[in-house]
Amino acid sequence: MSDHPIEDHDRGLAFDLQTISSQILERRKALAWFGSAGVTALVAGCGGGGTSSSGGSSGSSSSSSSSSSSSSSSSSSSSSSSSSGTCVVDSTETNGPYPADGTNTSSGATSNVLALGAAVRSDIRSSFVSSTTTAAGVMMTLTLTVVNTNNSCAPLAGYAIYLWHCDAAGKYSLYDLPTESYLRGIQVTDSNGQCTFTTIFPGCYNGRYPHIHFEVFASLATASAGTGRSARLISQMALPSAACSTVYSGSSTYSSSVSAFNNSSISGDNVFGDNTAAQITQQTLAMSGSVSAGYTATNKIGIAV
């Protein structure tokens, strides 16, 4: 069983602020390498920063630099369809409590992988800061397409996507695992509005349906020079139920995910559950593959530009 308690995860800013001191993370290890010359970009100066945590993970205040408002737990944006009727605006979701995007602090350290050039990478399975550990799990190749819902779902080129998720045991790098930085990375969309990440199938932990976090920025320059607050969209993607059942029961690496997944559902999830049916459909990955061969997944991200 994963040791993530239900109340620590993804219920939005108001809940995160109320429970900000509920978890004690082993951050002293992280502080040692946060201060090293090779990772100084990870420690941002205080002021205008996120919510401080007294030794534990904190929920972060996330906001969009466009018409999106500040993050809230599963606050659905408009579900208006484009003229072609094939895409909708993705709902805005919380990025907390483990974004490492410069919007929250823990024990005085603010991690912001957006500022690191090494974070711009397609294969995000390995740590890239203080270790080179590769996250264990079933390989997954994820291709994302960013589209403009105000222009017949036309592709948006040159947009930067920061993506992160938990490992097979339901743990997050830089927080649950302070010395690891795997399963985090940034890619830029091509002329087709697409970019691809090579990662692993995420695990499941108590209190949440299996998911992937992401932030979309208008450009790589905007992402690299900013924090999660400059994102055009902060949201999450859901894993298809059938694939979750197959992976969690078919690989011993995911043994701690089995019970947590059996006790979860996308309709009952505190992030996805209040979205429209169209939004949930768009937020759920289309996926094919197997435990032995790995999985190929795709997802469309709708932004009103």
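1. Let's start with strand β6. Seven of its seven residues are buried, so β6 is largely enclosed by the rest of the structure. Bear in mind while reading that this is a predicted model. The cover on β6 comes on both faces: His211, His213, Glu215 and Phe217 are buried on one side, and Ile212, Phe214 and Val216 are buried on the other.

2. Who are the neighbours of β6 in the sheet? The open sheet here has four strands in the order β4-β3-β6-β7, with antiparallel pairing. At its edges sit β4 (184-188) and β7, each of which pairs on one side only. Going from one strand to the next, the twist averages 25°.

3. On one flank, β6 runs antiparallel to β3, and five bridges join the two. Two of the residue matches are worth looking up on screen: Tyr162 has Glu215 of β6 as its bridge partner, and Ile161 has Val216. Towards β7, six bridges join an antiparallel pair, and here Phe214 stands opposite Ser235 in β7.

4. Trp164 deserves a click of its own. It is found in strand β3. Is Trp164 buried or exposed? Its relative accessible area is 1%, and under 20% counts as buried, so Trp164 is buried. Leaving aside neighbours within four places in sequence, its contacts include Ile212, His213, Phe214 and Glu215, along with Asn95, Tyr98, Pro99 and Tyr172. Leu183 and Arg184 are also in contact with Trp164. As for Ala100, its C-alpha atom is 9.2 Å from that of Trp164, although the two residues are 64 apart along the chain.

5. Now the nonpolar interior. The largest nonpolar core has 41 residues, and those with the most contacts inside it are Leu144, Ile161, Phe201 and Ile301. Which elements feed this core with at least two residues each? The strands are β1 (139-148), β3 (160-164), β5 (194-200), β6 (211-217), β7 (233-238) and β9 (294-303), and the helices are α4 (241-250) and α5 (257-262). Apart from this core lies another, of 21 residues, with Phe128, Trp164, Cys166 and Phe217 among them.

6. Leu144 is a good place to see the big core from the inside. Not counting residues up to four places away in sequence, Leu144 touches Ile161, Leu163, Met237, Asn299 and Ile301. It also touches Gly193, Gln194, Cys195 and Phe197.

7. On to the aromatics: the structure holds 10 aromatic pairs. Take Tyr209 and Phe261, whose ring centres are 6.1 Å apart with the planes at 50°, so this pair is tilted. The pair links distant parts of the chain, with Tyr209 in the loop between β5 and β6 and Phe261 in helix α5, 52 residues apart. Tyr209 is buried, with a relative accessible area of 5%, and Phe261 is buried too, at 9%.

8. Phe261 has a second partner to check. With Tyr248 it forms an edge-to-face pair, 5.6 Å centre to centre and with 70° between the planes. Tyr248 lies in helix α4 and Phe261 in helix α5, so the pair ties together parts that are 13 residues apart in sequence. Both Tyr248 and Phe261 are buried. What is the wider cluster that ring pairs make here? Phe201, Tyr209, Tyr248, Tyr254, Phe261 and Tyr295 are linked into it.

9. Don't skip the hairpin. Strand β8 (residues 286-290) and β9 run antiparallel, joined by five bridges. Three residues take the chain from β8 to β9 in this hairpin. For a landmark, use Ala286, whose bridge partner in β9 is Thr298.

10. Finally, some overall numbers for your notebook. The protein has six helices and nine strands, and 56% of its 305 residues count as buried. Among contacts with a separation of 6 or more, 75% are between residues 24 or more positions apart. The protein exposes about 10700 Å², of which carbon and sulfur atoms supply 52%.

Key
Residues numbered from 1 in each chain as written. Predicted model: local features only at pLDDT ≥ 70, side-chain atom pairs only at ≥ 80, totals over all residues. Heavy atoms only, no water. Core = buried A, V, L, I, M, F, W, Y, C linked by side-chain atoms within 4.5 Å. Buried < 20%, exposed > 50% of the residue type's maximum accessible area, 1.4 Å probe, protein only. Contact = heavy atoms within 4.5 Å. Phe/Tyr/Trp six-rings, centres within 6.5 Å; stacked < 30°, edge-to-face > 60°. Pairing = 2+ DSSP bridges. Axes fitted to C-alpha atoms, helices over the stretch in contact; angles between N-to-C directions. Areas by Shrake-Rupley, 256 points an atom, 1.4 Å probe, with all protein chains shown as cover.
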